[in-house]
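Please find below a reviewer's note on the structure, set out as numbered points. Each point takes up one topic.

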Amino acid sequence: MNNALRITAFAAALAATFGTAYGVGRGVDPLVAAEDRPAGQHAGHSEGKEDGATGGAGPAAGLQISDGGYTLALETPTVRAGVRTGIRFAVLDDTGRRITAYQREHGKELHFILASTDLTEFRHLHPVRAADGTWSTTVDLPKAGGYRAFADFTPAAGGAELTLGADLAVSGTYRPAAVPAARATAEVDGYRVALDGRLRAGRSGELKLTVSRNGRPVTDLQPYLGAYGHLVALRSGDLAYLHVHPNEGGPGPVVSFMASVPSAGTYRLFLDFQHEGKVRTAAFTVRVPASGEGAADRHESETGAPAGHAH
C-alpha cells in the first residue's frame, strides 16, 4: 500500500479485534504540535498519490460501495452486539462475478476493517477467502449501533488500489458516545505511545509516534504485515477513511508517517504495532483547523475509550 493517506469512510473507533488480543489506549497528555517538517522528507513506500493525498487530489475513497468496476457485497449486513458472529462478503466485478485473484499487499490479499460511527470501536480483521471468492471472518462487537465495513485491496486484473465501504448494523441497546477528547499520548497494555507532528488540510506533514514501556523506549518492535507500524485515520462527518504506512526506519522506538488530509475537521488515528508477538492499537483524536486559523493551525490528539480487542 502507498504511504500517502487515502480517504474512505469514517465511521469508527476503537477496540479492535485482530488475532492476538490488544487493547485500545487511553489518552493522558495534551499534545504540543511539532514544527513544520522539511519538504524533503517522504514516505518509505510507493510515492504515488492516492485518493485524498496531498493537495486534496481525487475524491475520498471508501465512501462508495462501488468504484472502478468493483462492488463490495456484504452478505452479513446485521450482527448482534456481544455475540461472536461470522461475517461473509465478496468483491464483485462489473459482471456481478466474485473476484478470486488479488495482488498481495503487506502479506495479505485484502484488508478488512470495521469501525463504529461514534469512533469508539475499531477492528482490523484478516478474513479468509474461499475458492469461489467469498471472504469470511468472525467478530464480537460489544456495542450496538451503526458501523462501516471497509475492504482494502488491489485486483490482480490491474488498476488502482481500492477501498470500498458498506454499512453494517449491530443490533442491541444503542448508547451513542462523543468523540474522545484530543490528547498527545495513549496507554495500552502498559505501553505508552506519544504522538508528535501536525496534520494540515491539503498539505503533507510528518507524524511521529514514539513507543515506550515502563519509561524506556521500545527499540525492538516487530514487523506486522511487513511494517513496524500501520496507521488508519477516519474522518468524522462523512465516514472518510485514510490508510497510511510508515517511512523507512528501524524497529523503534519511533515510527513515522507522511500524511495529508483533504479537509479541516476531526480525525481519529489508530496505530497498530507489534511487540513480543502481540499486536496492540493506540488511538488518538486529531483536530485539523481550517487554513488561516493562525496559532490554531495545529493538531491535538488523544486516545479513545478503554477497550480490548484480539487480533
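1. Is Tyr102 buried or exposed? Tyr102 is buried, its relative accessible area being 7%. The model under review is a predicted one, and this value, like those that follow, is computed from it. The assignment rests on the cut-off for buried residues, which is under 20% relative accessible area.

2. As to overall composition, the protein holds 22 strands and 0 helices. It has 311 residues, and 52% of them count as buried. Among contacts with a separation of 6 or more, 73% are between residues 24 or more positions apart. The accessible surface of the protein amounts to about 12000 Å², and carbon and sulfur atoms contribute 49% of that area.

3. One sheet deserves description. It is open and consists of 5 strands in the order β3-β4-β6-β10-β9, with antiparallel pairing. Strands β3 (66-67) and β9 (128-129) occupy the edges; each has a single partner strand, so one side of each is left without a neighbour in the sheet. Within this sheet, strand β6 (residues 85-92) and strand β10 (residues 135-139) run antiparallel and are joined by 5 bridges. In that setting, Phe89 stands opposite Trp135 of β10.

4. The aromatic residues form the next topic. The search of the whole structure returns 8 aromatic pairs. One of these joins Tyr102 and Trp135 in an edge-to-face arrangement, with 5.4 Å from centre to centre and 75° between the planes. Tyr102 belongs to the loop between β6 and β7 (110-116), whereas Trp135 belongs to strand β10, so this pair ties together parts that are 33 residues apart in sequence. Trp135 counts as buried, with 3% relative accessibility.

5. Which arrangement do the rings of Tyr102 and Phe153 adopt? Their planes stand at 85° and their centres are 5.8 Å apart, so the pair is edge-to-face. Phe153 is located in strand β11 (residues 145-153) and Tyr102 in the loop between β6 and β7, so parts that are 51 residues apart in sequence are tied together by this pair. Phe153 is also buried, at 1% relative accessibility.

6. These contacts belong to a wider group: ring pairs link Tyr70, Phe89, Tyr102, Phe112, Trp135 and Phe153 into a cluster. Trp135 has a further interaction, in that the charged end of Arg129 sits over its ring, 6.0 Å from the ring centre.

7. Charged pairs may be considered next. Side chains of opposite charge can pair when their charged atoms come close. The search of the whole structure identifies 10 salt bridges. One of them is between Arg88 and Glu75, whose closest N and O atoms are 3.5 Å apart. Arg88 is part of strand β6 and Glu75 of the loop between β4 (70-74) and β5 (78-80), so the pair ties together parts that are 13 residues apart in sequence. Both are partly exposed, with relative accessibility of 41% for Arg88 and 34% for Glu75.

8. How far apart, N to O, are the side chains of Asp167 and Arg148 in their salt bridge? The distance is 2.7 Å. Asp167 lies in strand β12 (residues 162-171) and Arg148 in strand β11, so this salt bridge ties together parts that are 19 residues apart in sequence. The two partners differ in accessibility class: Asp167 counts as exposed at 51% relative accessibility, whereas Arg148 is buried at 7% relative accessible area. The value for Asp167 may be read against the cut-off for exposed residues, which is over 50%.

9. A further salt bridge joins Glu187 and Arg192, with 3.1 Å between the closest N and O atoms. Glu187 is partly exposed, having a relative accessible area of 37%, and Arg192 is likewise partly exposed, at 29%. Elsewhere, salt bridges with shared partners connect Glu75, Arg88 and Arg98 into one network.

Key: Residues numbered from 1 in each chain as written. Predicted model: local features only at pLDDT ≥ 70, side-chain atom pairs only at ≥ 80, totals over all residues. Heavy atoms only, no water. Pairing = 2+ DSSP bridges. Helix = DSSP H or I, 4+ residues; strand = E, 2+ residues; numbered from the N terminus. Phe/Tyr/Trp six-rings, centres within 6.5 Å; stacked < 30°, edge-to-face > 60°. Buried < 20%, exposed > 50% of the residue type's maximum accessible area, 1.4 Å probe, protein only. Lys NZ or Arg CZ within 6 Å of the ring centre and 35° of its normal. Contact = heavy atoms within 4.5 Å. Areas by Shrake-Rupley, 256 points an atom, 1.4 Å probe, with all protein chains shown as cover. Salt bridge = Lys/Arg side-chain N within 4 Å of Asp/Glu carboxyl O.
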